[in-house]
Amino acid sequence: MPAQIIFQPNPPPDPSRLPDSVLDYAVKLGTKNFLPEDELEAIRQFRRAADYIAAAMIFLNDNVLLEEKITHDQIKPRLLGHWGTCPGLIMVYAHLNRIIRKTGLDALFVVGPGHGAPAILSCLWLEDSLGTFLPDYPRNREGLQKLISRFSVPGGFPSHINAQTPGAIHEGGELGYALSVSFGAVMDNPDLVVVCVVGDGEAETGPTATAWHAYKYIDPAESGAVLPILHVNGFKISERTIFGVMDDKEITALFTGYGYQVRIISDLPNLDNDIAASMEWALAEIKKIQHAARNGNPIVKPRWPMLVLRTPKGLSGPKIVHGEFVEGSFHSHQVPLPLAKSSDYELGCLQDWLSSYRPQELFIKDGAPVDAILSIIPDINAKKLGQRKECYAAYIPLKTPEWKATCVAKGNQESCMKVVGRFLEEVIKENPTSFRIFSPDELVSNKLDAVFDVTGRDFQWDIASRAQGGRVIEILSEHTCQGMLQGYTLTGRTGLFPSYEAFLGIVHTMMVQYSKFSKMAVETTWRQPCGSLNYIETSTWTRQEHNGFSHQNPSFIGAVLNLKPRFARVYLPPDANCFLSTISHCLRAKNYVNLMVGSKQPTPVWLSPEEADQHCIAGASVWKFASVEDGVDPDVVLVGIGVAMTFEVIAAAALLRKISPELRVRVVNVTDLMILANTGLHPHALSHEAFKSLFTEDRPVNFNYHGYPMELKGLLFGRPNLDRITIEGYNEEGTTTSPFDMMICNNTDRFSIAIDAISRGSQFNSKVAVYSHQKCSHLMHLKQKEKEYILANGKDHGNIYDEPSFD
């Protein structure tokens with residue numbers, strides 16, 4: 001059975017076994033004749049016009065006002081698009097327009113069903129926001145012709161909402177996080193309401209399931225509000241949705257339990273009055289909650305409003321085609337008439353469908369909409385949903401304190417995260433309403449808890465943190481943190497996402513979707529820059545002795561490396577001072593995805609603030625203190641990338657100084673991973689000359705790398721003489737064990753590094769060649785003895801992490 005067989009359009013759910021009294025929790029309103037007749041007629045005409053344009057965009061390349069009978073030649077060669085969700089999105093847009101014009105509401109519209117781009121583009125054209133940003137699409141016949149004919153064709157608008165869509169802050173391709181993006185957008189935007197439509201298909205996703213709770217992190221005294229609208233049209237691509245088979249009692253019980261006031265809109269004969277009354281009720285409830293909080297009498301556990309919009313999928317489209325139900329079924333999900341280009345029958349169905357909107361009544365001779373449609377569009381451009389500044393020109397540069405003031409004296413030991421926590425404490429002081437931390441893991445665990453000296457958590461359902469202006473969102477959902485971060489960032493502010501290393505991969509595809517949005521945003525002429533997505537990856541695999549193999553996974557590095565080079569930045573600062581320099585830079589940078597990897601355990605501070613500054617600017621440098629004769633004319637080059645990997649490289653260099661003093665060793669540290677890319681492939685890539693000056697032209701190079709070796713191999717591809725390079729890194733070897741045993745398990749320990757250095761360095765140093773086998777055998781013995789000690793005693797030797805000495 002390729003698709004579900006249905007016996008009636010818009011089939012109702014089976015009755016639940018819940019008592020009817022559950023419906024007492026659903027909000028009931030009087031909706032009959034709610035709208036004045038002129039407003040009701042204007043709403044209906046707006047919907048008809050937008051529905052017509054949306055449908056025409058999928059099919060027509062000419063004759064866009066149906067001034068003649070449609071011919072096969074006027075049908076696009078490839079029919080692409082999604083019709084089923086469009087009528088519902090247009091309903092919400094139309095009614096939101098009316099309210100904005102009437103009340104001056106500050107609102108954004110976030111659309112979960114991003115494949116409903118025809119709906120949004122048609123509304124944007126009607127309100128003349130397309131023409132404002134894209135002069136090729138004026139609100140006249142010429143603009144309408146281009147809008148309809150260029151949709152989903154090469155060089156035209158894509159089938160999904162993206163950064164080229166005015167008013168958009170959400171890609172909408174991957175389902176699941178429209179709601180969390182919306183909540184991020186309203187944080188610290190006290191006058192803003194984001195109306196977010198969540199399709200009932202998207203509502204089946206894990207990210208959405210948690211995001212319903214995000215209002216519990218909204219302080220109504222300082223932030224705006226989200227009005228969620230669950231659009232239940234009942235079907236996905238080929239079967240019914242979970243919410244489509246839940247009756248009103250089940251939906252009411254679920255969302256009442258989540259803490260919402262639920263209003264179900266399902267009166268199809270009176271649909272526009274029902275929507276209008278419900279939206280005005282919801283906005284009044286939001287104002288009531290906000291007014292109480294802003295006047296010193298916050299409501300404990302306020303029940304925010306949400307709407308459930310029950311309408312048939314593909315409403316107003318073809319009813320039956322080839323004997324199959326279309327409206328009210330999955331057949332309307334994408335292209336209801338896929339053979340219109342070649343089938344006379346389907347072409348006739350299309351003619352009947354588009355003619356049913358009576359476009360001649362909706363557009364004047366020059367193609368512009370009639371006055372009734374214009375009467376419900378906001379008359380102030382800045383209030384239009386497609387022209388809100390929050391969407392494209394709201395960036396607030398972050399004030400970053402002087403990072404050197406937080407630095408640690410060279411020669412001490414300090415946790416990178418501890419010192420970063422103290423820096424972030426100052427960032428919060430200087431940016432009390434434009435910086436937030438979104439953390440799926442407790443900041444205390446990641447040792448960033450110094451921020452709690454000046455702020456708190458923003459968990460409004462917890463008496464300990466309610467109504468205190470906390471800057472920290474802690475929720476054990478990476479998806480929700482990511483969505484909030486995106487919404488917060490794209491509306492002009494700056495955020496930070498610290499996480500256990502192993503679980504950042506949960507948001508891999510969300511991060512990729514965001515980078516696609518960023519790429520298209522930068523390529524538009526009208527979107528201004530916004531802050532970067534900033535990730536801190538800590539609690540790394542090198543020190544997961546409490547949690548074991550499940551918590552050992554540095555793969556998010558590779559995810560960022562695969563992004564468009566223009567937007568990808570990966571940093572592995574070797575010590576606390578370098579991390580301070582790096583995070584200060586990242587928080588000020590715009591339009592990037594910044595990944596910073598560091599340890600939360602105390603480790604040596606190798607560089608002074610001034611040295612750290614120079615090192616981070618260069619991205620890599622020779623560490624003379626650990627090299628033989630400042631690294632001049634080496635036999636071998638040892639490279640550390642990452643805190644623990646660098647420690648082992650330096651420990652290996654110190655060990656070699658004692659057991660193989662004739663070996664000329666150069667130690668290099670790389671803090672900006674992108675410099676290793678072949679020249680021209682990344683903005684930070686070293687020139688051929690700079691690469692040769694650091695790593696020599698022909699000497700053996702050993703990279704000790706924090707991530708997976710294959711990532712570094714890909715990054716280095718194209719550099720000359722790669723056969724001289726060996727790479728060690730995380731090789732999926734791990735367990736609950738000691739820190740140094742983790743190094744041994746993955747061949748990233750000092751003994752393995754020293755063995756490789758002597759073995760390959762001896763090819764260029766005859767004095768070392770004389771004893772190469774003997775020394776390598778001795779080092780293998782020491783490595784084995786260390787392993788035996790760990791197994792016998794359940795710990796590392798007490799001095800294994802003492803700072804190496806070169807005396």
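Which residue forms a salt bridge with D272, and how far apart are the closest N and O atoms? Keep that in mind as you open the viewer, and remember throughout that this is a predicted model.

**Stop 1: a salt bridge between two helices**

Select D272 and R47 and show their side chains. R47 is the partner: the two form a salt bridge in which the closest N and O atoms are 2.8 Å apart. Now colour the helices they belong to. D272 sits in helix α9 (residues 271–294) and R47 in helix α1, so this pair ties together parts that lie 225 residues apart in sequence. A search of the whole structure finds 39 salt bridges, and the D272–R47 pair is one to bookmark.

**Stop 2: helix α1 and helix α10**

Stay with α1 by selecting residues 37–59, then add helix α10, residues 344–355. The axes of these two helices come within 10 Å and cross at roughly 155°. An angle over 145 degrees counts as roughly antiparallel, and α1 and α10 are therefore roughly antiparallel to each other. Their crossing is left-handed.

To see what makes the contact, show Y52, A55, A56 and F59 on α1, then L350, W353 and L354 on α10. Which classes of residue do you expect in the contact of α1 with α10: nonpolar, polar or charged? There are seven nonpolar residues, with no polar and no charged ones.

**Stop 3: helix α1 and helix α3**

Hide α10 and bring up helix α3, residues 117–126. Here α1 and α3 pack at an angle of about 125°, with their axes 8 Å apart. The two helices are therefore oblique to each other, and this crossing is right-handed.

On the α1 side, select F46, A49, A50, I53, A54, M57 and I58; they meet P118, A119, L121, S122, C123, W125 and L126 of α3. Colour by class and you will find 13 nonpolar residues, one polar and no charged in the contact of α1 with α3.

**Stop 4: helix α2 and helix α9**

Return to α9, the helix that holds D272, and add helix α2, residues 86–103. The pair packs at an angle of about 55° with axes 10 Å apart, and α2 and α9 are therefore oblique to each other. The crossing of α2 and α9 is right-handed.

Show M91, V92, H95, L96, R98, I99 and K102 in α2, which meet L271, D272, I275, A276, M279, E280 and L283 in α9. You will recognise D272 in that list, the residue whose salt bridge with R47 opened the tour. By class, the contact of α2 with α9 has nine nonpolar, one polar and four charged residues.

**Stop 5: the six-stranded sheet**

Now for the strands. Find the open sheet of six strands with parallel pairing, in the order β10-β9-β11-β12-β14-β13. Its edge strands are β10 (472–474) and β13 (568–571), each pairing on one side only. Look along the sheet to see the twist, which averages 20° from one strand to the next.

Zoom in on β9 (residues 435–439) and β11 (residues 494–500), which pair in the parallel sense over three bridges. Within that pair, R436 stands opposite G495 in β11.

Next, show the helices that pack on this sheet. Helix α13 (residues 416–430) touches β9, β11 and β12 (533–538), its direction making about 140° with that of β9. Helix α17 (residues 576–588) touches β9, β11, β12, β13 and β14 (593–597), and its direction makes about 165° with that of β14.

**Stop 6: the five-stranded sheet**

Which order do the five strands of the other open sheet follow? Trace β16-β18-β17-β19-β20, and note that the pairing is mixed. At the edges you will find β16 (620–622) and β20 (725–728), each pairing on one side only. Neighbouring strands of this sheet are turned by 20° against each other on average, direction ignored.

Select β17 (residues 636–641) and β19 (residues 701–705): they run parallel and are joined by five bridges. G640 has N704 of β19 as its bridge partner.

Finish with the helices. Helix α19 (residues 643–659) packs on the sheet and touches β17, β18 (665–670) and β19, its direction making about 150° with that of β17. Helix α21 (residues 709–716) lies across β17, β19 and β20, running at about 145° to β20.

How values were computed
Residues numbered from 1 in each chain as written. Predicted model: local features only at pLDDT ≥ 70, side-chain atom pairs only at ≥ 80, totals over all residues. Heavy atoms only, no water. Axes fitted to C-alpha atoms, helices over the stretch in contact; angles between N-to-C directions. Helix = DSSP H or I, 4+ residues; strand = E, 2+ residues; numbered from the N terminus. Parallel < 35°, antiparallel > 145°, perpendicular 65-115°, else oblique. Left-handed = near helix turned anticlockwise from the far one by under 90°. Contact = heavy atoms within 4.5 Å. Nonpolar A, V, L, I, M, F, W, Y, C, P; charged D, E, K, R; others polar. Pairing = 2+ DSSP bridges. Salt bridge = Lys/Arg side-chain N within 4 Å of Asp/Glu carboxyl O.
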